[in-house]
Amino acid sequence: MGVKMVGASVRRMEDPRLLRGEAAFVDDIRFPGLLHMAVLRSPHAHARLLSVDVRAARELPGVVDAFSAADLGAEPPGIPFFYNPESFRPAPQYPLATDTVRYVGEGVAVVVAESRHLAEDALELIEVDYELLEAVVDAYAAIQPGAPVLHENAPDNVAATMVYESGDVEAAFAGADRVISKRLDMQRYTGIPMETRGVVGHRDAVTAEMTIWASTQWPHTMRTVLAGMLAVPARSIRVITPDIGGGFGIKADFYPEDFLVPFAAGRVGRPVKWIEDRNEHFLTIAHSREQIHEVEIALRDDGTILGLRARHITDCGAYQRPLGLVNASLAGTSLAGIYRVPALRVEAVCASTNKAPASAYRGAGAPEATFARERLLDIVARELGMDRAELRRKNLLTPEEMPYDTGLVSLEAAVILDSGSFPAAFEQALDMADYAGFAARQQAAREEGRLIGMGICVYHQLTGTGPFEGGSVRVDPTGEVTINSGAAPQGQGTATMLAQIAADELQVPHDTIKVVFGDTGRLAHGMGTYASRNAVMAGTAVMMASTKVREKALALAAHLVEVDPSDMVLEDGYAHVKGVPTTRVSWAEIAAAATPGGNRPEGMEPDLESVQYFENMAAPYSYGIHIAEVEVDPDTGVTTVGRYVVVNDAGTIVNPRNAEGQIAGGVAQGLGGALMEELVYAPDGQPQSTSFLDYLIPGSLDVPDVEIGHLETKSPLNPLGVKGMGEGGAIGGHSAVANAVADAIEHLGCTVTRTPLKPATVWELMRSAGAAPAGAGTTA
Amino acid sequence: MDVDERTTADHVGLQEKTITVTVNGNSYQRTVPVRRSLVDFLREDLGLTGSHVGCEHGVCGACTILLDREPIRACLMFAVQADGTELTTVEGLTWGEELHPIQQAFWDHHGLQCGFCTPGFLLTTYDFLREKHGATEPEIREALSGNLCRCTGYQGIVRSVQAADETWER
């Protein structure tokens, strides 16, 4: 009954402000007397810090403060980590380097000045003595005996080794007809949002509360961590997220500057701002994805998978911040995908290197594991002489096998695939992409000297992680509805989505609802926006709060018109007596009755607000099928992505436009990872990708339109039946494109085992196969 | 480097100059450090924070504005170089209370997600469509290729430009 907004493809409420240039990103926050912070960063990948002298910097006119680790107290606070497996030998990062620098870009000292220009001028006056140490930048090399050691507590440079095991792996391999093994590598790349990071800290003169505006995906977590590091009560800190210009996971971290800005603001007693420049971003943002996979698969001759055995080495960089082990862990528990893999053993090794600390980026381990698996399956199909779709079809789990307990535990939660219609999604995608007709088209193209390829990727993703999310719904005495959410979205359209969910419960127009995010002063507890958790966690919390408000509103309305609450119904912004639409009360009348002193039923508490927390550790898994079609230029190795098909199943879709936007945007990032993006380090640890000139992200000429089909297998784990889906595009996109390039060129006699497939890499693969056209060879 | 050397009046960064610019039809006279970039001037001195700083090396296009009707990267110019010019920023695109047809099209066709790059895309589109009617998709993609978006995968933006081409009476 009534208006149904969940499922409606409405325009985003967020947009008019953004379109008018009226948004407030963190760099748009300003105060009278605002000071600016700049950070002196190590130019060396590995060096002992003999001395840091900031006195000359302090003397420069316009400089208000300058400090180094020595000024942080006798025992500077380390950044905590949230995931602590038994084997972990943690290497926490400190806000500034204490005695050793371990990557280029690590903070050494700070200047606070009247302008950013002056602050940067003063950085040049800081004297630092370094004693250079040998650096190691390759994860495989780092864990060999004799490699330079980063941290004394881990002389082998192994920060942790986690093992994920289910079934009888030895028996599976012993009884196999075929065992095929491969090393498959994914490169270092990351989110690179268009807005860099930034923090503003301002101590409120009245409350003495330090208010922080930060481009963070988890304001409540930031508050908790900061309170711990500053050794103050949580109530002393308020974190607010303004508009955020993209995050993709890398803003769900705790960075040194997140501490340094409020620390500096406290020292100088004035508001302080730090806005990361793009160069700092490339040097210090959480890097991601870099994993070496050594993977073995046991099969019957008919293509039935019997087991998987793998070791992967994650390049964690120099330190582990809160989520530093997550990529390694989730790659372990994601490897089997949505296939029937009766036995699995993955050893996840976390290696320390002299590079920027790594953390989660859109997919967090799943893209890496998906590449290892989906690339391997294509290689297996070729070796077995079997159709790659048939190989996948044979091993996909069926709806009858749901829920499917993998027997694994990831990040303290059991990995149980809750629901899905994998074979149906698979066939739908093959149909949409005309897989059946592709072989003939490919053959015809080859006869014309053209190289075209089709790549398939079957992915799944952990979404909606626990343990909770908070949401409040309140109705002011004038009748307007406001939602406060613990989420901190970065462009996902979450305000519109949450308003749609509340609108269904309250039957008010969704675009009259105000949605406020990420303010620790407005909601006591929250988790934030990462791990595709907005619809599942924030959505359910808002639904719970809306339901409570609805029930109370109906009771109030019934009291006002003197009928039983069960005889009242909400419609068009009013509560009216069933069948008698003229006997009605408005939300303003209901809310006015709810105010203290108002006309309430006896015993009912005043106010019309509900604060609810959805507590849930059982994460829903979404999945999808990506099929990419590419053409590779045989002379240059340049890949052009043509058609791109996605069939996605994320349960109930609250707003299809938002969902499709997430898929298309995710695919663009996956495509970037497959073809162009890479954070390159020289052997001495000098970063080579420090601007948009040497780190390419896809532009409008690189990304195709994505054709999307939806399946809606509702999750049984929450009342809306939703699963998260924001990361899937990036997970599926990388491997679908990589497999398509492989399909275009591997018949020449080469094998694709690593990304990115830049033109030079593809050209070299073709040349190594001895099959590049003569013209290409002679122009080299 | 010696402190005295840095603090002398001839330190180029500390020199100032008075400039006059017209932004979105309003004339402003301000005294600015000569090393201040045009985008910083718009944001810091005039409070026009709709133009965003995405890279400060002229690649991302988030700071695209019009200078004497031509699109430029406001991060690659000094404010003093804009003395005497007419500028249009995203704040000047809106028709009073009404969204400009390009802004409306971006809203209607899911042309943005986080919105950080959007002002640059709007100004680039404005410049492109002002001269061009009935643009093909390849032409639109070419016209947008100097602006980076990390959220949308561009298809919503391309649809938006196609729609604005239809709806904007120019």
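## Chain A

Let's start with chain A of this predicted model: it packs in 20 helices and 28 strands. Its radius of gyration comes out at 28 Å, close to the 28 Å the globule rule gives for 780 residues, so chain A is as compact as a globular protein of that length.

Boxed along the principal axes, the C-alpha atoms of chain A take up roughly 85 × 70 × 50 Å. Of the 780 residues in the chain, 59% are buried. If you look at chain A contacts between residues at least 6 apart in sequence, 80% of them link residues at least 24 apart.

## Chain B

Chain B has six helices and five strands. Walk along the sequence and you get the pattern α-β-β-α-β-β-β-α-α-α-α. The C-alpha trace of chain B spans about 60 × 35 × 25 Å along its principal axes.

Out of 170 residues in chain B, 51% are buried. For chain B contacts between residues at least 6 apart in sequence, 58% join residues at least 24 apart.

## Where the chains meet

The contact draws on 48 residues from chain A and 49 residues from chain B. On the chain A side, the helices that each put in at least two residues are α1 (15-20), α2 (55-59), α3 (116-123) and α17 (656-675). The largest share there is six residues, and α17(A) supplies it.

As for chemistry, the chain A side that touches chain B splits into 22 nonpolar, twelve polar and 14 charged residues.

Definitions and conventions. Residues are numbered from 1 along each chain as its sequence is written. Chains are lettered from A and ligands numbered from 1 in the order in which they are written. This is a predicted model: local features need pLDDT of at least 70, side-chain atom pairs count only at pLDDT 80 or more; totals for chains, interfaces and linings use all residues. Helices (H or I, at least four residues) and strands (E, at least two) are DSSP runs, numbered from the N terminus. A residue is buried if 20 or more other C-beta atoms lie within 10 Å of its own, exposed if 12 or fewer, and partly exposed in between; C-beta atoms are placed from the backbone. Two residues are in contact if their C-beta atoms, placed from the backbone, lie within 7 Å. Ala, Val, Leu, Ile, Met, Phe, Trp, Tyr, Cys and Pro count as nonpolar, Asp, Glu, Lys and Arg as charged, and the others, Gly among them, as polar. The radius of gyration is taken over C-alpha atoms; the globule rule is 2.2 Å times the number of residues to the power 0.38.
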